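Me: I have a structure to go through with you. Please explain how the labels for helix packing and cores are earned.

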Amino acid sequence: MGNFKTGGSAVRNFSGPAYRPGELPGELTDDKAMKTEIDNAHREVERLSRNRVALFEVMSDMIFLIRGDFVIEYMNASAIATFGDLRGRFCHDALNCNEAPCPECPVEQSRAQQNSNELFERKIGEVYVEYNYVAFQGYLGEQLVMVVMRDISRRKKQEAELAAMHGNIESVLHQKIEALHESEKVRQELSREVNVLKRELDRFGQQQDEMVGESRKLRELRELIHHVADSDATILITGESGTGKELVADIIHRRSGRQDKAFLKFNCAAVAESLLESDLFGYERGAFTGATARRMGKFEVADNGTIFLDEIGDISPRMQAALLRVLQNGEIVRVGGNEAVSTNVRVITATNSDLAVAVEEKRFRRDLYYRLNVINIHLPPLRERREDIVPLITHFIKKYRTAFKKEIDYLPNRIIDRLLQYDWPGNIRELENVIRRAVLLAKDNVITEKELAFEQNISCGGDRKEAALIEKRMLEQPLKDTIAELEAKILATAVDRYEGNPQAVARILGLGKTTFYEKMKRYGLIPNKK
């Protein structure tokens, strides 16, 4: 790789002929200062060369350096793994171009302009690629062109399979998703890739499967999570119910330095006040009736790991003081004990209430609020990022048609439009419930108006039209099917209301543990484990 070569000949990068020890003119032979300067320059060139080569080699995208005479000068490891070693060959011959030079040739184009903001796409052999290019100068002053490629074969294959398998629904969803994605996502990501010295490339690729959607607010949320996840700072996640606060906590833990340690979740509103302190901090033997042995609390179990406290705004003043002690000193005191126990736990909290208002109204400690709110991550409601609704619909239909073994492959435009126009007061959780019920109740391979029931409609007992539709449906099918549907709705509603707490739901509905889990499994309310 000529422009990255190291060794004695690297001195040729500077003006004048290349001298070696013992070959300098007589008056310079004893000039130690000049020799030292040349040696230092030699080492600096080698260092820069090694750093640049190392940077290119670890990139997941394919990097080509092409000389002005169309010869491939350099390929990184990713490019060689995909196309084989093509160095030393003409680019139009090696990359299966029938013309010399290729149409829109990067070498030709870079002679007229230094770089291009356009995104090009072509097929090289059996591989589909997207690429861009930029002018690049070698260490010897030669003009090169750097071409950055990304393999999009998988995306092309998926597009073809979706179009062939799913017909109308995939066509409608694909058009809407592409309209949102392609104009913004592809161009922004590829504009970053052309600057090969940035490290943002891999991070965006890794985040696509964790939170569904590509709206501007969701991208900003991913960016913030990326920057704060690896610290040990306390994080307060705020947002309306159903916006995905627990999912964000999961992502933060997985990307933190504590990812291989314990991660405990605790809903402060789902536990009675009398049990909350003992659950979190543990208790000593004899602390209260039934305490026959010492028990460790959540903070001790999660030592060196992470604990997620949901609904933190609902804890009592007593618990606020106890939690403040943990955050200030890193110590807990078990119920019934006097000895302080040190613990190293990262605390992530969440609430759907406005803690700032609670502080002003003297319902929440100001000092604790500042301790919890070191970093605030606010989740926007679904109505403020409507461009994510169609991707979420697609995700939930795929999820529940598999869970319920339904062949749902068509969703009319009027249904999509209605879902887009709805304000979703219950946010993503409500959207998931609506799609889950619709898929469960669908008789054929299409979701119709009959299966689409919003939470507002369900809670409105005076809606005669809705009641008439329900009554009509009840009389069109066997009684056992109607009872099963009603039972599934009741279970789903209870699970949502108590935020997935199985003990609370089973207790409220008067079900035994085994019966409860059997029904949850029967109606697809337990997520499939991969």
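Me: Why are α15 and α16 called oblique to each other?
Reply: This is a predicted model. The axes of α15 (residues 389–403) and α16 (residues 413–421) cross at roughly 120°. Roughly perpendicular covers 65 to 115, and roughly antiparallel starts over 145. The angle fits neither class, so the pair is oblique. The two axes come within 10 Å.

Me: What is the handedness of the crossing of α15 and α16?
Reply: Right-handed.

Me: Which residues of α15 and α16 meet?
Reply: Ile389, Val390 and Ile393 in α15 meet Ile416, Leu419 and Leu420 in α16. Contact here means heavy atoms within 4.5 Å.

Me: What makes the contact of α15 with α16 nonpolar?
Reply: Ile, Val and Leu count as nonpolar. The contact has six nonpolar residues, no polar ones and no charged ones.

Me: Which residues touch the most other members of the largest nonpolar core?
Reply: Leu280, Phe299, Leu309, Ile312, Ile315, Leu323 and Phe364, out of 30 residues. Several elements each supply at least two residues, among them β7 (263–267), β8 (306–310) and α13 (355–360). The largest share, six residues, comes from α12.

Me: What is Leu323 in contact with, leaving aside its neighbours within four places in sequence?
Reply: Phe281, Phe299, Leu309, Ile312, Ile315, Leu368 and Leu372.

Me: Which residues does the second, separate core include?
Reply: This core of 27 residues includes Ile397, Leu431, Ala442 and Leu452. Membership requires being buried, with side-chain atoms within 4.5 Å joining the set. Buried means under 20% relative accessible area.

Terms used
Residues are numbered from 1 along each chain as its sequence is written. This is a predicted model: local features need pLDDT of at least 70, side-chain atom pairs count only at pLDDT 80 or more; totals for chains, interfaces and linings use all residues. Side-chain values use heavy atoms; hydrogens and water are left out. Axes are lines fitted to C-alpha atoms, for helices over the stretch in contact, and angles run from 0 to 180 degrees between N-to-C directions. Helices (H or I, at least four residues) and strands (E, at least two) are DSSP runs, numbered from the N terminus. Angles under 35 degrees count as roughly parallel, over 145 as roughly antiparallel, 65 to 115 as roughly perpendicular and the rest as oblique. A crossing is left-handed if the near helix is turned anticlockwise from the far one by less than a right angle, and right-handed if clockwise. Buried means under 20% relative accessible area, exposed over 50%, partly exposed in between (1.4 Å probe, protein chains only).
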